[in-house]
Amino acid sequence: MSWLERLRDGLSKTRKQISDTAGFIGQDLRDSFTNRLDSIEDLEYALIAADVGRAATEEIIADVRASDKPNLQEALMEALTLQLEPDAKRAQFRKFGFAPSARRTTVDPGGHVVMVIGVNGVGKTTTIAKLGQYYRSRGRGVMFAAGDTFRAAAGAQLGVWGERLGVPVVQGPEGGDPAAVAFDAASARVARGTDLLFVDTAGRLHTKHNLMEELKKVRRVIDKADPGEPAEVWLVLDAVTGQNGLQQAKKFHEATPLTGVIVTKLDGTAKGGILIPIVRELGVPIKFIGVGEGANDLQPFDSREFVQALFDVDIPKETQG
């Protein structure tokens, strides 16, 4: 099964959530204005149930009402694709009928250091390993920093991944200062001239002020060791958390501005719509999405591809992976 097939399968619960509530979305509605109005009203409830959020749902419904497409599903797919595109220029390209694909090129970090943050249990350490494999397979030199010094065996887990992938890992003592690990790793990256350093951080509850302050400290010491870094701060979110995940993202964004989001565990959730308020309310792009535990189950996010998978429509062969 290809990755896109797994994505389609993973989004099946979200798809069912929408179709069960808005049963007319695939119907040709040119001859039934009443049916179209009823379907749009049902669609509004369906989108909210899928965790799209009230504000984004209102924008989507407005776009659907204004659409000249006779098929409600086509109008909805177009509106969702635009909602998921945070880059205004790319959104404009899409309105003109072009389809820029994120999967045809490498997702290039803005600099050399990427801080990976998020709450406990979202899979940050595993995600870092997958990112390491993704960039290693594209010829980049990669390092890991085991900055999660509080979770038992977290450093060992990243060390195992590093050994398996052939990626150097900078570690500190269990229970030690994560900022010290980050400083040492950033210094080592500069000395070695390695392309990319991914810094793991402790899974922290976003409501804990002292832990957020520690996150800011980690960022400051990286900048001291490698001025201008980290150029990227990527938040890992579990799709299953739904609207709670959006609240997490907002708190982290306040503490240390995000440059990207990675959404994991899209397989088997009815909350796939959460990607839309993340993009629209934070103005932060989705960098990667994950649909399983395998090394290749994390792939660059493309809004058009995601929406096609959500509605289980044919995807051109040239975009399939």
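This report describes the overall make-up of a predicted model and then its paired strands, its core and its helix α1.

The model is predicted, with local features requiring pLDDT of at least 70 and side-chain atom pairs counted only at pLDDT 80 or more, while totals for chains, interfaces and linings use all residues. Residues are numbered from 1 along each chain as its sequence is written, and side-chain values use heavy atoms, with hydrogens and water left out.

The protein chain has 13 helices and eight strands, taken as DSSP runs numbered from the N terminus (helices: H or I, at least four residues; strands: E, at least two). Of its 321 residues, 55% are buried, where buried means under 20% relative accessible area, exposed over 50% and partly exposed in between, with a 1.4 Å probe and protein chains only. Among contacts (heavy atoms within 4.5 Å) with a separation of 6 or more, 76% join residues 24 or more positions apart.

The table lists strand pairings, each of which requires that DSSP finds at least two bridges between the two strands.

| Strands | Sense | Bridges |
|---|---|---|
| β5 (residues 232-238) and β6 | parallel | five bridges |
| β6 (residues 260-264) and β7 | parallel | three bridges |
| β7 and β8 (residues 298-300) | antiparallel | three bridges |

Individual bridges trace the path across these strands: Leu235 has Val261 of β6 as its partner, Ile262 is bridged to Phe288 of β7, Val263 to Ile289 of β7, and Ile289 in turn to Gln299 of β8. Strand β6 is largely enclosed by the rest of the structure, because five of its five residues are buried; Gly260, Ile262 and Thr264 lie on one side and Val261 and Val263 on the other, so that both faces are covered. Strand β7 (residues 286-290) likewise has five of five residues buried and is therefore largely enclosed.

The largest nonpolar core, a set of buried Ala, Val, Leu, Ile, Met, Phe, Trp, Tyr and Cys residues joined through side-chain atoms within 4.5 Å, has 94 residues, and those with the most contacts inside it are Tyr135, Phe198, Leu275 and Ile289. Leaving aside residues up to four places away in sequence, Leu275 touches Leu84, Val263, Leu266, Ile286, Ile289, Phe301 and Phe306.

In helix α1 (residues 3-10), the buried residues are Trp3, Leu4, Leu7, Arg8 and Gly10. Seen down the axis of α1, these buried residues fall within an arc of 165 degrees, so they line one face of the helix, the arc being that of the directions from the helix axis to the C-beta atoms.
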